[in-house]
Amino acid sequence: EFDQMTAEAITSASNQLARQGAQQFLIDLRDTALGPFEAGIAVAELFTQAEPLAIRKSANAQEPVARSEQEPPSITSPVVLLTNHGTAGAAELFAAVLTGTSQAESIGVRTAGRAAEQTLVRLPDGGGLLLSSTQYLTASGDSIHRTGVEPTVTVEEPALELLLTKVAPQEDPILDRALEHIVGMTAAQ
């Protein structure tokens, strides 16, 4: 989940890992769908100086989402993101910013395509209608909502059968491919 503390937690973790000799970072965004879009933007600011980071599009206007920090990014190491169909909302916006500005590569499958602020309108019969009022676009103007973010390297997730109890898969081809990719990045340096 992305929240108001995520940027601080990532900064702390990356500093600790860098002190231990880490030269690249792998961030697993799979099945991360909760949190405000502002948290995704705040985390993206840690990695890139790009302007704008994204575009907020409402029915009446499009406005660039600018960096709020004046300081340069604090994390400059290469980054690989793991994504899947469960990567949505703030995590999906974060992935779109980093891959769109070439600050990261992503491995996995296309994200959910749920990058819009939504409002629940209650209906008289007790039902509801979810309205997308504002959606986020990449800095280049490409839609994220309903489209998702395509990974740099596509690796299909293994199909899991529906069970009454959740069983962890024995294999993780997305993580395996990401680790291979990171080793390749290290060898190229």
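User: I'm new to this structure. Where is the place of L129?

Analyst: Welcome! This is a predicted model. L129 sits in strand β7, which covers residues 128-138.

User: Is L129 buried, partly exposed or exposed, and what surface patch does L129 help form?

Analyst: L129 counts as partly exposed because its relative accessibility is 42%, and the cut-offs for that class are 20% and 50%. Together with V121, L123 and L131, L129 forms a nonpolar patch on the surface, with about 300 Å² of accessible area in total.

User: Now the sheet. In what order do the 4 strands of the open sheet stand?

Analyst: The general idea comes first: strands of a sheet pair through backbone hydrogen bonds, either parallel or antiparallel. Here the order is β1-β4-β5-β8, and the pairing is parallel. Strands β1 (25-28) and β8 (153-154) are at the edges with a single partner strand each, so one side of each has no neighbour in the sheet.

User: How many bridges join β1 to β4, and which helix packs on the sheet?

Analyst: Strand β1 is joined to β4 (residues 79-83) by 4 bridges, and I27 stands opposite L81 in β4. Helix α3 (residues 89-100) packs on this sheet and touches β1, β4 and β5 (104-108). The direction of α3 makes about 140 degrees with that of β4.

User: How should I read helix α2: is it mostly covered or mostly open?

Analyst: Helix α2 (residues 37-44) is mostly covered, with 6 of its 8 residues buried. Those buried residues are F37, A39, G40, I41, V43 and A44. They pack against several elements, among them α1 (6-19), α3 and β7.

User: What about charged pairs? How many salt bridges does the structure hold?

Analyst: The structure holds 4 salt bridges. In one of them, the side chains of D172 and R30 meet at 2.7 Å, N to O. D172 is in the loop between β8 and α4, while R30 is in the loop between β1 and α2, so this pair ties together parts 142 residues apart in sequence. R30 is buried, at 16% relative accessible area, and D172 is partly exposed, at 23%. D28, R30 and D172 are linked in a salt-bridge network.

User: Which side chains meet in a salt bridge at 2.9 Å?

Analyst: Those are E117 and R56. E117 lies in strand β6 and R56 in strand β2, 61 residues apart, which links distant parts of the chain.

User: Finally, which residues does M185 touch?

Analyst: M185 lies in helix α4 (residues 173-188). Leaving aside residues up to four places away in sequence, M185 touches Q24, P78 and V80. The C-alpha atoms of M185 and Q24 are 8.6 Å apart, although 161 residues separate them along the chain.

Key: Residues are numbered from 1 along each chain as its sequence is written. This is a predicted model: local features need pLDDT of at least 70, side-chain atom pairs count only at pLDDT 80 or more; totals for chains, interfaces and linings use all residues. Side-chain values use heavy atoms; hydrogens and water are left out. Patches are made of residues with over 30% relative accessible area and no salt bridge: like charges are joined within 9 Å, nonpolar side chains (Val, Leu, Ile, Met, Phe, Trp, Tyr) within 5 Å. Accessible areas come from the Shrake-Rupley method with a 1.4 Å probe; for residues, only the protein chains shown count as cover. Helices (H or I, at least four residues) and strands (E, at least two) are DSSP runs, numbered from the N terminus. Buried means under 20% relative accessible area, exposed over 50%, partly exposed in between (1.4 Å probe, protein chains only). Contact means heavy atoms within 4.5 Å. Two strands pair if DSSP finds at least two bridges between them. Axes are lines fitted to C-alpha atoms, for helices over the stretch in contact, and angles run from 0 to 180 degrees between N-to-C directions.
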